[in-house]
Amino acid sequence: MINVNLLASGQSEILRILNHSFQTGKEKTLISMPPGTGKTLIVTAFLENIARNLEKRDLILVIATNRAIKEQMIQVFSEHIPLPILDLTNKRESELPAIMVLTEKELEDLQGALDFIRRPKFCLLLVEKINPKVSEQLFKALTRFKDLPQIAFTNDNVPSDYFGHPSFIYSYAEAIKDGRLAPMQIQNISLGLNEMQLSVRKLLNGTTDDESEIFEIKDNVALEAYINTVCKDLLERITSGKTLIVSPGIVHAEAVSRALNEISGSLVSAVIHSRVPKEEVKAILDDFNSEQNSINILVIIRMNFAIATNKIQNVALLRRYINPSSLKTILALAQRTYPQKNSVRILDYADNSKVFKQVFMDSGIETSIEPVQVPRTHLSESEIRFRDKKNIDPVLAADEIAKELSQIIEIIPGEQGSMIGIFGPWGRGKTFLMDLIWKELVKTDKFIKVDFHAWKYQDTPATWAYLYEKLVERYFDDETDKSLIKKSIKSLWRRLRLNWKRHKVGPILKLLGVTFVGIVASLIIDSFLPTGLKSKNSYYDILKFPAATTVIIFAIIKSLKKDYSSKANEIFNKYTTKHSFSDQLGLQAEIQKETSQLLKCWIPEKLTAHKKIVLFIDDIDRCSETKVIQIIDALRVLLEDIQIAERIVIVAAVDERILKLAIKNKYNSLLSIEEKDEKEHRKRLNKITEEYMDKLFISGIKLGVLSMEERDDFILSLTKADRDETASLKSLEKIIEKEWKNEESRMSDNLRQALIDHEIEVHQETQYNEQLEMEQYLEEDYHSKYIDSSKPLEPSNAQINKGRLAPEEVDILRYATSLYTDATPRQIRIFYYRYLIAKNLLEKRYRSLKRTNIWIEIENSMIVTKLIIKYTLTTEDQSLETHLATILKAKNTVSEIALLADTKVDTVDYRELLKVLNLVIAY
């Protein structure tokens, strides 16, 4: 007999409502209560109560959701209710009142079951669980007995299309407060998966609770790799109690159970599904429900089985749900309480956050979902995508600098002899900044861009011919016209216009004269020829005009080509054959004159306030020192022409160290004659150099050494296309702090005290060479670190796996870049590509050796990045070639990694690493 005094307040209220509905004959009563909150207990107490007042042949029809629930209810009813319990397998005549329990599917055979009962008189219809939309079979049964009191239970708080709104709602929050359900601790676990495993997870998450149990994945190797990763993480998290795992399909479920047993080394898991024989299912459930047996993990697909234990403390969701009701059923089983159970932990590996939120909203539960990010342990090969500066997002405040300089260019007056300078070492981003400046200037439609690479003709006087050539080519080639015909017509018109300004009317008169002479010559020849040659049978009439026309056209072309050419090489040839222009000065003077004519034709006087040419000069510092100062001086002289200065702005990108050195070399000899004191000589030379720079540049900006934060910004921009942008990024401070703690854990007590005594702060903020010296000085104070050696590769793990950069890998690159002091953006790009190539080559090499690659493990990848940077910067006595030669001769099985503090590794693995590094670090 059920002791109703033990019922919670909410349960007692439900029991009262049921009794009242039956006594008053209320037709429809709907009760909403979460699964696992004592529904069977309340129904049993209710039926036990009304059984005393039933008459002969009274029949109560109970409809269960499935066979497992039906069997559970029959067992409980039989223990507590003194009435016959009938079903399709137990149909007998009876004068006594009885309870018939059927599933929804068995309702089709209801009439056959009733034929065995003498004149049954239904008095109550009770539905164990109803969905908001009633099934067709259940609807037929309900309408058949519509005059009876009908009681139904639902897990949802929404109205039913048949019963309407619930008469009473027993919420999750009330059930937890009453102690009928254990509170949940939900963790949304995001595993560090490679691309192959992510594809499997995505495929698995595509299945829903409405699909078939049978779920196949063709790539068994990929499935096994994903399942092993999940199972290893799962076994680390479950420490006590029973664990229920919900799988998306049979193949997956069996693979999960098998992996759990293999990893744990014992039989800890079993799986049940529709293909498992009933006898075996019963044995498995008995083992799982018992506390004495070893099976503590049960893998299921659906809640089609009666799981009696309340000892479940962990639920692992490996399938994606779309129906909150299905998820509630799983949660209810796990939330069953016992005295020592304080909570149940839900490990969500399939990202059911949206469905959980729906469950919380329906149930009034205030439970947060804790996101858990599991770092990757191994990296994968990467697709190497070399990208130029145009495909890298601007960082280091480059956008702001470009906007500022573009504004200066817009307002700068046509001052003679002054340029705008962009200074910085090679690879610092001067060219990139000039491109950004142009992106800003092109918005105004006021400027015309011309690029000039000074180093291309640095050893010949034709450098200035090349400069003029770039200007005139840009003049003829209007980039705004996309149509080839329009572009050709405009180019011809500009050519004629330019040459008209250069030569005025003279060439036209010459052209007319040549044409006139040709016509007159043709007439004279015609008058002097014998009449016989001009007869009708002669070819004369046919050929005389084409011949004369050909002569005239040839003369015109030769005249135009001679007089209307604007090619700078003809200027060069013309003046190099004359004694007065045999040197560079004369050539430059002529080019300056031609440039002035070109610019005046290009931008007339009335347009100088609205149109300007921006001449971007790059790579001056790639020329020899002598050539650098010659080019700079010539540019300055070019701008001395007011006609040129009004129409052109020169933006020069140069390494100021090389330019200053060129200036000093120019005046060094002159000042050394006047000043004998070395110190005073250097002082005056420096002063003249600064004054000279001021004379050259009206404005400028220097791109200095990158700070640690700026290097971090650049590596993030560089790797943006190669990583998952949805992954959250740590702050650089946290990354450095983590690595520092790793280093600190290896320090001896003496070293820790020494660091405290000397107030040595974080190593990453020191200069690289200082840090290297510190590491060598303190090396003996580090505890030795041993790296596990590679092992034979299992065939299942021999697949090629390529993917994006893992978040942990990005952290490694960021930390390594923080160590790369004084690095320019170009050097960071070189480092990054060296790392990618080295990683891919190591993976291919170890795959050919059929051994596991230890260098793609997260911790060991840090070693690879550090060595790439250190070997890039170290001196010859610590060169990579020296260490490789040493290790190739080594006989010992374990070797110490050079340049790192007391880190030891298997000699074979170290040898393979150095061989690959020697390939990728070419200089």
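Me: What makes a group of residues a patch?

Reply: Patches are made of residues with over 30% relative accessible area and no salt bridge, and nonpolar side chains are joined within 5 Å. In this predicted model, Ile837, Leu841 and Leu919 form such a nonpolar patch on the surface, with about 250 Å² of accessible area together.

Me: Why is Leu919 called exposed?

Reply: Exposed means over 50% relative accessible area. Leu919 has 62%, so the word fits. You can find Leu919 in helix H33, residues 907-920.

Me: How do you know that Glu912 and Lys915 form a salt bridge?

Reply: A side-chain nitrogen of Lys must be within 4 Å of a carboxyl oxygen of Glu. Here the closest N and O atoms are 3.7 Å apart, so the pair qualifies. Both residues lie in helix H33, three residues apart, about one turn of the helix.

Me: Is Glu912 called buried or exposed, and why?

Reply: Buried means under 20%. Glu912 has 8% relative accessibility, so Glu912 counts as buried. Lys915 has 33%, which lies between 20% and 50%, so Lys915 is partly exposed.

Me: What makes Arg67 and Glu106 a salt bridge?

Reply: Their N to O distance is 3.8 Å, and the cut-off is 4 Å, so the pair counts. Arg67 lies in helix H3 and Glu106 in the loop between strand S4 and helix H4, so the pair ties together parts that are 39 residues apart in sequence.

Me: Why is Arg67 called partly exposed?

Reply: Arg67 has 45% relative accessibility, between the 20% and 50% limits, so that is the right name. Glu106, at 9%, is under 20% and therefore buried.

Conventions: Residues are numbered from 1 along each chain as its sequence is written. This is a predicted model: local features need pLDDT of at least 70, side-chain atom pairs count only at pLDDT 80 or more; totals for chains, interfaces and linings use all residues. Side-chain values use heavy atoms; hydrogens and water are left out. Patches are made of residues with over 30% relative accessible area and no salt bridge: like charges are joined within 9 Å, nonpolar side chains (Val, Leu, Ile, Met, Phe, Trp, Tyr) within 5 Å. Accessible areas come from the Shrake-Rupley method with a 1.4 Å probe; for residues, only the protein chains shown count as cover. Helices (H or I, at least four residues) and strands (E, at least two) are DSSP runs, numbered from the N terminus. Buried means under 20% relative accessible area, exposed over 50%, partly exposed in between (1.4 Å probe, protein chains only).
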